[in-house]
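Got the model open in your viewer? Let's walk through it one selection at a time.

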Amino acid sequence: MDMKKIEAKWQAKWEKDKLAVFNRKNSGKKYYVLEMFSYPSGAKLHVGHWYNYGPTDSFARYKKMKGYNVFQPMGFDSFGLPAENYAIKTGVHPKDSTVQNIETMEQQLKAMGGMFDWSAEIKTCEEDYYKWTQWMFLKLYENGLAYRKEAPVNWCPTCNTVLANEQVIDGKCERCDTEVVRKNLTQWFFRITKYAEELLTDLDKLDWPEKTKAMQRNWIGKSVGGEVEFELETGDKFRVFTTRADTLFGVSYVVLAPEHPLVEKITTEEQKEAVDAYRAATAKTNEIDRLSSTREKTGAFTGAYAINPINGKKVPVYIADYVLYSYGTGAVMGVPAHDDRDFAFAAKYNLPVTRVIKGKAGENDELPFTSDGSLVASNDFDGLIGDEARKAILNHLTKMGKGEYKINYRLRDWLVSRQRYWGAPIPVVYCPHCGEVAVPAKDLPVKLPYDVEFKPDGKSPLAKSVEFMNCKCPKCGADARRDPDTLDTFVCSSWYFLRYADAHNAKEPFDSDIINEILPVDKYVGGAEHACMHLLYARFFTKALRDMGYLNFDEPFLSLVHQGVILGPDGNRMSKSRGNVVSPDVYVNQYGSDIFRLYLMFGFAYREGGPWNDQGILSISRFLDRIERLAEKVYAMPKSNRGKMTADEKALDYARNYAIKCVDRDMNDFSFNTAIARLMEYVNALYKYDTVTEKNDEFMKSCMNDLLLLLAPCAPHFTEELWEKADNRKSIFTFPYPVCNEAALVLDEVEYAVQINSKVRAKITVSSSLDEAGIRETVLADAQVQELTEGKEPKKVIVVKGRLVNIIL
């Protein structure tokens, strides 16, 4: 079969018949399948794209044949650093390179034969999309969920832009691997922390990988405890958050974040030089490194002392970089006897260690002892244990006005300002009379100008555009200036799944009635690297829009699958520098997209991936050749139909229904490799039946039809061609998926291996209705078995029902 020719033929026919176009009025239960859309930052699709889109498209086709009304759109996440960095590297304007790359990738995706609904295509860099991204910003702003403040930020000196905490990996920029530094900038934030508790608890509702849910739980980082107020000798007060109020009598020092505003005021002259040097060093360290559990804990004494409210004792005040001003209260208490980190810090600076918790009798409570135990040296609270002790001390502090119960979250508000060109401009102007003014929705979009010097120099590129920056205040009409920053590209991807369902709405981002009917997404497929960024942000947007009255559901993605990573042939991640990048085009051009798709599905466990090895592609090609030869023979058979099934036909019917049952289950579970393996077994069974002298031709045609129907989602062009040759006028994807006949899986007869003294000597067929005694009797009475035993009386007969009979002589 000329694969390239038939692929072009069927792609044209599918497009003409609008096979992939979703119509919400069609029959069948709605099923929204979505692959994470791609960044058009490179010129072509790579194997990773193929591995995401090809097998998932097969899943979507499978669902369509199962009777669902499938919606599978496609688009491009075309703003952001990847596209801009590509443009900087090539010297081509980001818009031009992005548009060109999208055209190339569209052609590749269409050549894949994907059942993508291109009528719903979106590109986040186009005005008709980012207009509504800006509208989202305004809605968050109106509802108190977008705000501006000066804050220390992660700054990449190479990319010359701010990075969210999630974009800093091991202290380095995730894009370029440059060491990230800290600097203060006035930035826009989204108040994702308002939804911290719901983002945490709603994870339990989701059919997501447990590892991904655990990553989000850890990122949100809920801590239940209390706040305790300490007073300085100057009269200034500060609070510390603790989950271990039961250790309060053991506090021997307190620590402020180096950037805490009190540090400047309370530091004594004698300690000023050391404190200033430490603060300067901390400013060069990013938050991720500061929080590392393996990093040595260092600090500097301020010369000041604070009063412990529970016992009135004076304790020294230190600064240390492991305390962040942006997290909790920016202050912690040090209890060396009952905390590993505090114990190391106290040892380093020769601070006292006071035990206030004793272990159970016989328990090893060598210091630092971090488990619950009985309070000692804690005045009236001695003898209390664990939660009882914590509650008693917090209740006491609450009555004193020196403390209260508190819940803290590790999650920070989402920093969305970017000092880059290729993004959606922030729709805010700054007026000398009115101050900060949001651009009215009627004036959107705030257009991204084309003629801008976008190469990074540490300033926002838009700030260099006089035409862009100068504007009129929407309130008073006076001269004003636009915000020079653009929005983090994750803002664009935090709501794209909503736009797909109403992609051409020019009056609003989407019609709520349509969205509430089609969403949430039923099956979302993409990389695990997005666990704490895109997936969390999309959940936040969904909940915020719900609370504004635009949505009636809580979560965007009901079920999530992460595909594995296809590594280079050397077992390393593919990269141009390693020279191990595999281009799918080479194989698609040689073998066709169906064979390449089928190989990706068979050669790897989908959720795991693995090293690339193309040796199996030829085997897949031969597998389809076997099917083609058999189909041509079967469909050319004359009509003949015997009423009663022979043993051979029963065996084939068993193989057919076993394949249907297994492939159906495995396709639904994304276990594509085992699904293809079952199909291969079924093909072998068909070939075995083909050797039978007297065949039921109509029955074999029926079995061949089921093979093509089972294979269709995995090799769409190939099966369409054979289906048409079998005199079917409609697309194979308009036919229902085969249904297993469970009765066919109950065999009338079972083949038994017969062993003589534990060596297999024969195989005989026995009625499946016989009990163990009947099986023994039937086997011993068999002429072949009697010949093999030479008439000797067995000493023992062992029956393993359904498998074998071992005759011991």
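Start by selecting helix α19 (residues 593-603) and helix α20 (residues 617-635): α19 passes α20 in a right-handed crossing. Handedness here is a matter of turn: a crossing is left-handed if the near helix is turned anticlockwise from the far one by less than a right angle, and right-handed if clockwise. The two axes come within 9 Å and cross at roughly 115°. Those axes are lines fitted to C-alpha atoms, for helices over the stretch in contact, with angles running from 0 to 180 degrees between N-to-C directions.

Now show the side chains where the pair meets. From α19 pick Ile595, Phe596, Leu598, Tyr599 and Phe602, and from α20 pick Ile617, Ile620, Ser621, Phe623 and Leu624. Contact means heavy atoms within 4.5 Å. By class, nine of these residues are nonpolar, one is polar and none is charged. The classes go like this: Ala, Val, Leu, Ile, Met, Phe, Trp, Tyr, Cys and Pro are nonpolar, Asp, Glu, Lys and Arg are charged, and the others, Gly among them, are polar.

A quick word on what you're looking at. This is a predicted model, where local features need pLDDT of at least 70 and side-chain atom pairs count only at pLDDT 80 or more, while totals for chains, interfaces and linings use all residues. Residues are numbered from 1 along each chain as its sequence is written, and side-chain values use heavy atoms, leaving out hydrogens and water.

Next, select helix α21 (residues 647-668) and helix α22 (residues 672-690). Their axes are 9 Å apart and the packing angle is about 165°, so α21 and α22 are roughly antiparallel to each other (angles under 35 degrees count as roughly parallel, over 145 as roughly antiparallel, 65 to 115 as roughly perpendicular and the rest as oblique). This crossing is left-handed. Among the residues that meet are Leu652, Tyr658 and Val663 in α21, and Phe672, Leu679 and Tyr689 in α22. The contact residues divide into 14 nonpolar, one polar and six charged.

Which residue should you click in helix α2 (residues 47-65)? Go for Asp57. At 0% relative accessibility, Asp57 counts as buried, a label that means under 20% relative accessible area, with exposed over 50% and partly exposed in between (1.4 Å probe, protein chains only). A polar contact of 3.1 Å joins its side chain to that of Gln72; such a contact is a pair of N or O atoms within 3.5 Å, where within protein one must be able to donate a hydrogen and the other to accept it, and residues adjacent in sequence count only if both atoms are side-chain atoms. Not counting residues up to four places away in sequence, Asp57 also touches others, including Glu35, Met115 and Arg597.

Move on to Arg390 in helix α12 (residues 386-400). Arg390 is buried at 14% relative accessibility, and its side chain has a polar contact of 3.0 Å with that of Asp372.

One more stop: Ala538 in helix α17 (residues 534-547). Ala538 is buried, with a relative accessible area of 0%. Leaving aside neighbours within four places in sequence, Ala538 is in contact with Ser494, Phe497, Pro556 and Phe557.

Finally, zoom out. The protein has 26 helices and 33 strands, counted as DSSP runs numbered from the N terminus (helices are H or I, at least four residues; strands are E, at least two). Of its 809 residues, 55% count as buried.
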